[in-house]
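User: Hi! I have a model open at the bench and would like to walk through a few of its features with you. Could you help me read it?

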Amino acid sequence: LRRALQRIFRGQHTPRIESPTAMFCAALPLAAAIVRGPPILRYGSAAIDTRGAPSLIAPSSVASALEGTDSALDSMDLAALALDGSFRPTRGPDGRLEPVLTLPGDSLETTPPMGAVTVSSTAATLGVVALAFVRSGSPLPPLLGVAAGALLGELFSGAFHWATDNYGRLETPVVGFACAAFQGHHLAPWTISHRSVFNNVYKIAGATLPLLGLGLALLPPSGAACVAVMFYLQLVAQEFHRWSHTPPSKLPEWKRRLQRAGVALPVPEHIAHHKPPFDKHYCILTGRLNRVLDSEPVLLWRRLEALVYRVNGQEPLSWKSDKVRALALSLWPARRDAAGQGKFRDSE
């Protein structure tokens with residue numbers, strides 16, 4: 001044993017063990033481990049001997065979990081197909097449904113300009129944040145700005161998702177393409193999983209550039225950093241959104257770890273959104289705010305819907321559900337003036 005240990009540690013500085021008694025004591029833990037072998041696990045009343053196959057149990061559990069989530073995603077996609085019978089996609093070699101593009105001019109192609117605008121947005125955001133730290137006399141204001149930007153980024157992802165899911169159409173000025181994209185996404189949710197990173201986020205990246213410049217011109221450095229982080233996290237949210245529609249078995253392990261840790265939007269959290277009338281779980285960065293925003297007494301989206309209806313009479317698409325409509329109006333009841341002049345007043 002002594003000669004074996006010396007061969008293993010040859011060339012390294014190791015203490016010399018001269019006493020046979022010391023040699024024996026040092027070898028005891030190693031010998032015990034060799035004789036005892038891997039432990040025997042117990043599940044309920046059944047003993048599971050891991051000797052001879054020490055790596056089979058954990059991978060089997062992981063594979064089972066991945067298979068279950070893959071199946072849940074597939075069920076969601078098939079349910080979406082039932083909403084619109086105008087297309088019947090086939091399955092590709094990897095088992096996923098083939099992409100269906102619901103918007104005119106849309107493409108799955110990735111081009112160099114897509115990568116360039118995404119990289120530019122990333123560099124500009126890092127530059128604004130770095131500038132805040134350089135110009136600030138203390139690191140505290142920039143740190144608070146970044147932290148506030150992260151929280152607002154989650155909230156903004158939900159607000160934008162809620163608005164484009166429920167209002168507008170392709171012809172709506174400025175945001176029409178986003179409205180049509182989010183609403184069409186409900187009919188073919190699997191398509192996003194076929195996009196590349198750059199194809200998925202480049203439009204958002206392009207929109208952030210002028211907003212970053214505006215924030216830099218109008219706000220103090222820490223405020224500009226807050227705004228930059230908030231807007232840039234919409235790129236991140238859209239990418240996390242893509243991951244949540246990709247079967248976990250086809251994601252690398254590091255992405256699955258981020259989802260399990262709640263850093264990236266978990267698949268089950270987003271599956272909960274894809275149920276008609278698509279009235280909950282709008283935040284798509286981490287999804288951590290959804291439980292608060294969707295529950296009483298907050299019910300943020302229902303209150304906003306009632307406010308919009310009170311102002312201009314526009315009903316959101318989520319009000320296709322009478323239950324959702326009734327809940328919103330119970331929080332802030334409003335109805336048209338009896339004279340039909342387009343004004344609103346509180347229900348009596």
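User: Is Leu218 buried or exposed?

Analyst: Happy to help, and do keep in mind that this is a predicted model. Leu218 lies in helix H7. Its relative accessibility is 64%, and the cut-off for exposed is over 50%. Leu218 therefore counts as exposed.

User: Which residues make the nonpolar surface patch of about 370 Å²?

Analyst: Leu218, which we just met in helix H7, is one of them. The patch of about 370 Å² is made by Leu211, Leu214, Leu218 and Leu219.

User: What is the distance between the end C-alpha atoms of helix H4?

Analyst: Helix H4 covers residues 112-135, which is 24 residues. At 1.5 Å a residue, H4 should span 34 Å. The distance in the model agrees with that expectation, at 34 Å.

User: Which helices are included in what covers the buried residues of H4?

Analyst: The buried residues of H4 include Met114, Val117, Ser121 and Val128. Their cover includes helices from further along the chain, listed here with their residues: H5 (140-166), H7 (197-218) and H8 (221-244).

User: How many residues of H8 are buried?

Analyst: H8 has 24 residues, and the helix is mostly covered. The number buried is 20.

User: Is Phe278 buried or exposed?

Analyst: Phe278 sits in the loop between helix H10 and helix H11. Its contacts include Leu83, Asp165, His186 and His273. With a relative accessibility of 13%, under the 20% cut-off, Phe278 counts as buried.

Technical notes
Residues are numbered from 1 along each chain as its sequence is written. This is a predicted model: local features need pLDDT of at least 70, side-chain atom pairs count only at pLDDT 80 or more; totals for chains, interfaces and linings use all residues. Side-chain values use heavy atoms; hydrogens and water are left out. Helices (H or I, at least four residues) and strands (E, at least two) are DSSP runs, numbered from the N terminus. The expected span of a helix is 1.5 Å times one less than its number of residues. Buried means under 20% relative accessible area, exposed over 50%, partly exposed in between (1.4 Å probe, protein chains only). Contact means heavy atoms within 4.5 Å. Patches are made of residues with over 30% relative accessible area and no salt bridge: like charges are joined within 9 Å, nonpolar side chains (Val, Leu, Ile, Met, Phe, Trp, Tyr) within 5 Å. Accessible areas come from the Shrake-Rupley method with a 1.4 Å probe; for residues, only the protein chains shown count as cover. A salt bridge is a side-chain nitrogen of Lys or Arg within 4 Å of a carboxyl oxygen of Asp or Glu. Lists of a residue's contacts leave out its neighbours within four places in sequence.
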